[in-house]
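Colleague: Could you take me through the aromatic rings in this model? I would like a close look at how they pair up and what sits around them.

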Amino acid sequence: MERQSSFSRDLGHAAAETYLITRLTFTLLRYLGVGYRWYTRLVALACYALLLMPGFLQVAYCYFFSSQVRRSIVYGDQPRNRLDLYLPTNTNGPKPVVVFVTGGAWIIGYKAWGSLLGLQLAERDIIVACVDYRNFPQGTISDMVKDVSQGVSFVCNLIDRFGGDPNRIYLMGQSAGAHISACVLLEQAIKESRGESTTWSVSQIKAYFGLSGGIMEGEGSFEQFSPEVRIKDPRNREAASLLPPIKLFHGTSDYSIPSDASINLVEALKGVGAEAEVILYEGKSHTDLFLQDPLRGGKDDLFDHVVSVIHAGDEEALAKDASAPPRKRLVPEILLRLARHISPF
């Protein structure tokens, strides 16, 4: 009876999540444009998803039914203030933690988009917390930054209850999520440099990873949410010394957010004395680094680099990484190549 009840709850949760994902998809389509452009992008998006469906289905099954995934843990009082935890099977000792903020053009961000990354990092004994947040028009950029900061605070203060090490927390974001998480990190550093009271400390973040991230450009209020503009402000120079090492990853063939965005941000950070680095991947698109490459399985330079940074100084973990089996291929190569060719991103 307990198993039946648990299955019914999982099935109900899966239905609710599927409804939300469907609604987010139609929101995306509404913002893609109208007329011929809308139809071509609709077809491209449908074909893209269909080609990658073998991988999506495997990840979705694990997301909904794996005992390693703790879904929709409440971290705040807003409807989207939820996070998913991906826990390693090995429970010996506290584990390093990655707080991951998904992308979605600020309008379709959703915590489940990070499930593939979460499952693969959990295989390397790393806990992953995928933070959900309000999207536009439900919330403004300010609301998104506030939500994610609350999620980071939850992890910093309570992750030890789930086997995480509060002294080894890393912040990571992809696309719009990279922008939001960068804003969160910089805002926290600015508050601390001014002596303001906070619920978590930027010193708890050991490194920041930004993947294919963008910045907000423009005048007036937009400048408040441009890390590049804010870090150049002389009033915020002291905050730069509080920032952890920052590593940005970007494909040179990213036409959604050109790699210049990461290059310029790193130059601005270095200009004020922060430790920052950008790693460029020749010929990679906006979704290659986060989606197609992980679905391909095998060796992945970006994944290996992130894991090596997290496990630096832990000889036992590094030894296990060296002997870890290659990641499983989830989608045939021919489908990945076709998907990349027709990708609307």
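Modeller: Happy to; here is a walk through the aromatic pairs, and then the charges that sit over rings. Please keep in mind that this is a predicted model.

The structure holds six aromatic pairs. One of them joins Tyr-61 and Phe-65, with 5.2 Å from centre to centre and 45° between the planes, a tilted arrangement. Both residues belong to helix α3, which covers residues 53-65, and they are four residues apart, about one turn of the helix. As for their surroundings, Tyr-61 is exposed, at a relative accessible area of 54%, while Phe-65 is partly exposed, at 34%.

Next come Tyr-110 and Trp-113, whose ring centres lie 5.4 Å apart. Their planes meet at 80°, and planes over 60 degrees apart count as edge-to-face, so this pair is edge-to-face. Tyr-110 is buried, because its relative accessibility is 1% and the cut-off for buried is under 20%. Its partner Trp-113 is partly exposed, with a relative accessible area of 29%.

Elsewhere, three rings come together: Tyr-170, Phe-209 and Phe-249 make up one aromatic cluster.

Finally, the charges. The charged end of Arg-327 sits over the ring of Phe-303, at 4.2 Å from the ring centre. Arg-71 likewise has its charged end over a ring, that of Tyr-63, with 6.0 Å to the centre.

Note on methods. Residues numbered from 1 in each chain as written. Predicted model: local features only at pLDDT ≥ 70, side-chain atom pairs only at ≥ 80, totals over all residues. Heavy atoms only, no water. Phe/Tyr/Trp six-rings, centres within 6.5 Å; stacked < 30°, edge-to-face > 60°. Helix = DSSP H or I, 4+ residues; strand = E, 2+ residues; numbered from the N terminus. Buried < 20%, exposed > 50% of the residue type's maximum accessible area, 1.4 Å probe, protein only. Lys NZ or Arg CZ within 6 Å of the ring centre and 35° of its normal.
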